[in-house]
Amino acid sequence: MAGVSTTVLGIETSCDETGIGIVRDGELLADVTATSMDEYARYGGIIPEIASRAHLQQMVPTLKAALEKAGVGLGDLDAIAVTAGPGLIGSLTVGVSAAKSLALALGIPLYGVNHIIGHLAVDQLASGPFPESFIGLVVSGGHSSILHVRDIAGDVTELGGTLDDAAGEAFDKVGRLLGLPYPGGPHIDRLSRTGNRDAIRFPRGLEGGKNKARHRYDFSFSGLKTAVARYIEGLEERGEEVNVPDIAAGFTEAITDTLTDKALRACEDKGCDTLVVGGGFSANSRLRELAAQRGAERGINVRIPALRYCTDNGAMIAALGYSVAVSGRAPSSLDITVDTNMPLDLVAF
């Protein structure tokens with residue numbers, strides 16, 4: 001498809017958002033998202049069966065809304081891109097099934113792409129082409145990963161990732177400890193801005209002794225979550241006030257300190273002058289502030305998409321699908337299956 005106008009429709013259904021995006025020649029024409037997030041507040045987490053049903057109900061209306069917004073018809077599409085993994089098996093299956101149906105009916109190529117890489121690819125829509133080599137930091141409810149990207153369409157190497165809780169997952173768990181609504185991330189972020197980030201120093205995982213060298217680019221937040229729990233228990237046992245803003249600030253600082261330090265370390269180690277941050281947790285105000293500050297101090301350009309592109313959306317899949325399509329890569333087979341644990345060095349299959 002290189003050298004000709006190319007319009008790609010992207011379908012995202014890895015978790016609870018039904019996202020449809022349309023990209024033409026690197027320009028976003030439409031991005032429409034329907035979410036079932038409000039249904040999970042009482043459960044304190046995503047219920048896979050509810051998410052799958054919601055995708056079934058939302059797929060056609062969301063598709064119609066995106067086409068109308070973009071001002072295009074199905075016959076104007078040149079390719080379909082869909083999240084093939086990682087994610088929830090039921091949710092992924094709904095999206096892939098819809099994508100196969102569209103590709104078969106329209107007689108156009110299908111590309112099953114990696115959800116995590118999509119979180120980086122979406123930044124091209126706002127900030128333009130990527131440099132030849134850059135470091136990607138993807139942080140979300142289920143993933144905290146450092147990637148070395150030499151070609152967003154097919155050359156990605158995972159340098160490190162979470163060994164237990166991802167950043168977003170840790171925020172949700174600590175949110176419950178603090179009695180905050182689900183999801184915990186936005187509430188902790190809001191409270192942390194009024195707290196003293198220096199009042200409580202929580203531990204940084206994998207930063208001591210042999211662990212620092214052995215897990216240079218890996219993350220561990222499970223111990224941090226436990227440290228917060230023990231701190232709160234200690235206050236309650238002594239009858240002392242639980243200062244929620246200070247705890248939120250100290251906890252946020254521990255995670256964002258670790259994320260930014262390791263990601264920028266990877267930039268220096270690999271000779272990259274650009275760090276691209278993506279994923280739901282990239283909406284965190286302190287992460288955005290600290291990454292920009294530390295990047296400027298080290299001469300590294302930090303790119304973080306606008307807040308609307310941080311959570312799961314169809315634009316990111318359309319953006320990645322467009323890059324894969326114009327690279328000349330062969331389309332996926334119509335008999336592709338989903339991969340709930342799709343490796344991060346596999347951009348598409």
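**Exercise 1. Work out how the residues lining the largest pocket divide into nonpolar, polar and charged, and find what else describes this pocket.**

*Solution.* Start with the sorting: the lining of the largest pocket holds 12 nonpolar, 17 polar and eight charged residues. Keep in mind that you're looking at a predicted model.

Step 1: get the volume. The largest pocket holds about 1,000 Å³ of space.

Step 2: go to the middle. There are 37 lining residues, and S140, G141, G142, D172 and Y182 are the closest to the pocket's centre.

Step 3: look for helices and strands. α3 (115-121), α5 and α6 are the elements that each give two or more residues to this lining. The top contributor is α5, with six residues.

Step 4: check the domains. Domain 1 (7-125 + 310-327) and domain 2 (132-308) each supply at least three residues of the lining.

**Exercise 2. Say how the protein chain is divided into domains, and how far apart their centres are.**

*Solution.* Step 1: find the pieces. The chain splits into domain 1, covering 7-125 + 310-327, and domain 2, covering 132-308.

Step 2: take the centres over C-alpha atoms. They are 27 Å apart.

Step 3: look at where the domains meet. Here 24 residues of domain 1 are in contact with 26 residues of domain 2.

**Exercise 3. Why does the second largest pocket lie between the domains?**

*Solution.* Step 1: list the central residues. This pocket has 13 lining residues, and those nearest its centre are Q124, I152, Y322, S323 and V326.

Step 2: ask which elements they come from. α4 (123-127) and α11 (314-326) are the elements giving two or more residues to the lining. α11 has the largest share, four residues.

Step 3: put it together. Both domain 1 and domain 2 give residues to this lining, so the pocket lies between them.

Step 4: add the remaining details. The second largest pocket has about 180 Å³ of space, and its lining divides into seven nonpolar, five polar and one charged.

**Exercise 4. Find which residues touch the most other members of the largest nonpolar core, and which elements build that core.**

*Solution.* Step 1: recall a general tendency. In soluble globular proteins, nonpolar side chains tend to be buried together.

Step 2: pick out the best-connected members. The core has 39 residues, and L137, F251, I255, L259 and L275 touch the most other members.

Step 3: trace the elements. At least two core residues come from each of β6 (134-139), α5 (167-177), α6 (184-192), α8 (222-237), α9 (244-270), β9 (274-278) and α10 (285-298). α9 gives the most, 10 residues.

Step 4: zoom in on one member. Leaving out residues up to four places away in sequence, L259 touches L137, V139, A167, F219, F221, F281 and L287.

Step 5: look beyond this core. Apart from it there's another core, with 33 residues, including F130, L147, A153 and V276.

**Exercise 5. Which residues of α6 are buried, and what do they pack against?**

*Solution.* Step 1: go along the helix. In α6, the buried residues are G184, G185, I188, D189, L191 and S192.

Step 2: look at their partners. The buried residues of α6 pack against α5, α9 and α10.

**Exercise 6. Is T62 buried or exposed?**

*Solution.* Step 1: locate the residue. T62 sits in helix α1 (residues 48-70).

Step 2: apply the cut-off. Buried means under 20% relative accessible area. T62 has 5% relative accessibility, so T62 counts as buried.

Step 3: see who's around. Not counting residues up to four places away in sequence, T62 touches T18, I20, V32 and A34.

How values were computed
Residues are numbered from 1 along each chain as its sequence is written. This is a predicted model: local features need pLDDT of at least 70, side-chain atom pairs count only at pLDDT 80 or more; totals for chains, interfaces and linings use all residues. Side-chain values use heavy atoms; hydrogens and water are left out. A nonpolar core is a set of buried Ala, Val, Leu, Ile, Met, Phe, Trp, Tyr and Cys residues joined through side-chain atoms within 4.5 Å. Buried means under 20% relative accessible area, exposed over 50%, partly exposed in between (1.4 Å probe, protein chains only). Contact means heavy atoms within 4.5 Å. On a 1 Å grid over the protein atoms alone, a cavity is a set of points where a 1.4 Å probe fits but cannot get out, and a pocket is an open set with protein on both sides within 12 Å along at least five of seven lines; lining residues have an atom within 4 Å of a point. Grid points are joined across faces, edges and corners, and a volume is the space filled by probe spheres set on the points. Ala, Val, Leu, Ile, Met, Phe, Trp, Tyr, Cys and Pro count as nonpolar, Asp, Glu, Lys and Arg as charged, and the others, Gly among them, as polar. Domain bounds come from an automatic or database domain assignment.
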